[in-house]
Amino acid sequence: MMRRWIGNAGRATVLCMGLTALALGGAQAESPFHTGVWQVNEPTGPRGLVVSDWLIFENGLPALWLYRKAGTNDQNQFDFLVRRMGQSTYAPVQVRVYRTGENEMKYTTFIKDQEPVEHPAERLSIPNFKNSCLSVENKGERLFGTWEGTSGSTLKRLRLSKDKLTIDGESRAVEITPVRVGRLGIVENGQPIAFLTDAGGDYAVLQWFKPGVTPATMVDPKKEILDFAREEIVRWPRGTCDRQIASRLKAMK
């Protein structure tokens, strides 16, 4: 199970997160084929798998970041390094998704010095239906507005506008810098302080920087920041994706 894949694997090297090249493909760009709700068919029975463009969910919340390995950009296969939310290094596990049909894939996990574990998976959701509620595509201004805290955050309420960040009633003047599709950089008095990153589904992650992040580092497409002071999961209160996911998971057989 995914929750077993915790621990450190040495200092992380630098790779671009997710599928940025696909994400920048235009207003009508589709999410990668793995985005959605899946039934993974294991020998012990079916297991639900919920994946946004660059995160695997656990227990209803985004939990594991996916970082595409260089050279694995075939439209039918992606290999990923994995980092657990709140950790600064990659987990010992790697993930491969390989499309075998319009609604099927092979889902493989790799742990060093162990045999790969591969299971077939079938899609329970509709590919790119209305751009897919788990997609980070085409969300427009969604990152601006009001978010609620979750069990994965210390804050209760967050509101972001183009010049103000308000957390639990305390406001600070900020500037906003678009970093990539689904990610905004938050700058205070010229100093980058955080990302707000769309996690897909009803969620986003407020990623507080440690000291030393410069404006150039924040927007560098070749350098992925992995080491944060903390990462806080927030939920869009008007979101309907949780309900859609639950409905799809009920279809497992």
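Let's start with one pair of strands. Strand 10, residues 157-160, and strand 11, residues 164-167, pair in the antiparallel sense. They do so over 3 bridges. A hairpin of 3 residues joins strand 10 to strand 11. Pick out Leu158. Across from Leu158, in strand 11, stands Ile167.

One caution before going on. This is a predicted model. Please keep that in mind throughout.

Now follow the chain onward. Strand 11 is joined to strand 12 by 4 bridges, and these two also run antiparallel. Here Ile167 comes back: Ile167 stands opposite Glu170 in strand 12. So what sits in the turn? The hairpin of strand 11 and strand 12 has 2 residues between the strands. Asp168 in this hairpin takes a positive phi near 50°.

A word about strands in general. In a regular strand, side chains alternate between the two faces of the sheet. Try tracing that on your screen.

Next, the sheet these strands belong to. How many strands does this open sheet have? It has 9 strands, paired antiparallel. Their order is 12-11-10-9-17-16-15-14-13. Which strands are at the edges? Strand 12, residues 170-173, is one, and strand 13, residues 175-180, is the other. Each of them pairs on one side only. On average, neighbouring strands of this sheet are turned by 30° against each other, with direction ignored.

Look towards the strand 13 end of that order. Strand 14, residues 183-188, and strand 15, residues 191-200, pair in the antiparallel sense. That pairing has 6 bridges. One detail to find: Gly185 has Phe195 in strand 15 as its bridge partner.

Let me step back to the whole chain. It has 3 helices and 17 strands. There are 253 residues, and 49% of them count as buried. Take the contacts between residues at least 6 apart in sequence: 55% of these join residues at least 24 apart. The chain exposes about 12,400 Å², and carbon and sulfur atoms supply 50% of that.

On to the inside. The largest nonpolar core has 21 residues. Which members touch the most other members? Trp65 and Leu134 do. Four elements each supply at least two residues of this core: strand 3 (55-58), strand 4 (61-68), strand 16 (203-209) and helix 3. Strand 4 gives the largest share, with 3 residues. Apart from this core lies another one, of 19 residues. Among its members are Ile56, Leu64, Phe78 and Ala121.

Stay with Leu134 for a moment. Leaving out residues up to four places away in sequence, its contacts include Val37, Val50, Val51, Phe57 and Ile245. Cys241 is also one of the residues Leu134 touches.

That cysteine brings us to the disulfide. How many disulfides does a search of the whole structure find? It finds 1. The disulfide joins Cys133 to Cys241, with an S to S distance of 2.0 Å. The link of Cys133 and Cys241 is right-handed, with 55° about the S-S bond. What does the pair tie together? Cys133 lies in the loop between strand 8 (117-123) and strand 9 (145-149), while Cys241 lies in helix 3 (residues 241-249), so the pair ties together parts that are 108 residues apart in sequence. Are the two cysteines buried or exposed? Cys133 is partly exposed, with a relative accessible area of 23%. Cys241 is buried, at 2%.

Two more residues to find. The first stop is Glu42, in strand 1, residues 36-42. Its relative accessibility is 19%, so Glu42 counts as buried, the cut-off being under 20%. Glu42 touches Arg47 and His119, not counting residues up to four places away in sequence.

The other stop is Gly48, in strand 2, residues 45-51. Gly48 is partly exposed, at 31% relative accessibility. Not counting residues up to four places away in sequence, Gly48 touches Trp38, Leu249 and Met252. Now locate Ala251. How far apart are Gly48 and Ala251 in sequence and in space? In sequence, they are 203 residues apart. In space, they are 10.0 Å apart, C-alpha to C-alpha.

To recap, keep three things in view. There is the open sheet of 9 strands. There is the core of 21 residues, with Trp65 and Leu134 touching the most other members. And there is the disulfide from Cys133 to Cys241. Thanks, everyone.

Terms used. Residues are numbered from 1 along each chain as its sequence is written. This is a predicted model: local features need pLDDT of at least 70, side-chain atom pairs count only at pLDDT 80 or more; totals for chains, interfaces and linings use all residues. Side-chain values use heavy atoms; hydrogens and water are left out. A disulfide is a pair of cysteine sulfur atoms within 2.5 Å. Buried means under 20% relative accessible area, exposed over 50%, partly exposed in between (1.4 Å probe, protein chains only). Contact means heavy atoms within 4.5 Å. Accessible areas come from the Shrake-Rupley method with a 1.4 Å probe; for residues, only the protein chains shown count as cover. A nonpolar core is a set of buried Ala, Val, Leu, Ile, Met, Phe, Trp, Tyr and Cys residues joined through side-chain atoms within 4.5 Å. Two strands pair if DSSP finds at least two bridges between them. Axes are lines fitted to C-alpha atoms, for helices over the stretch in contact, and angles run from 0 to 180 degrees between N-to-C directions.
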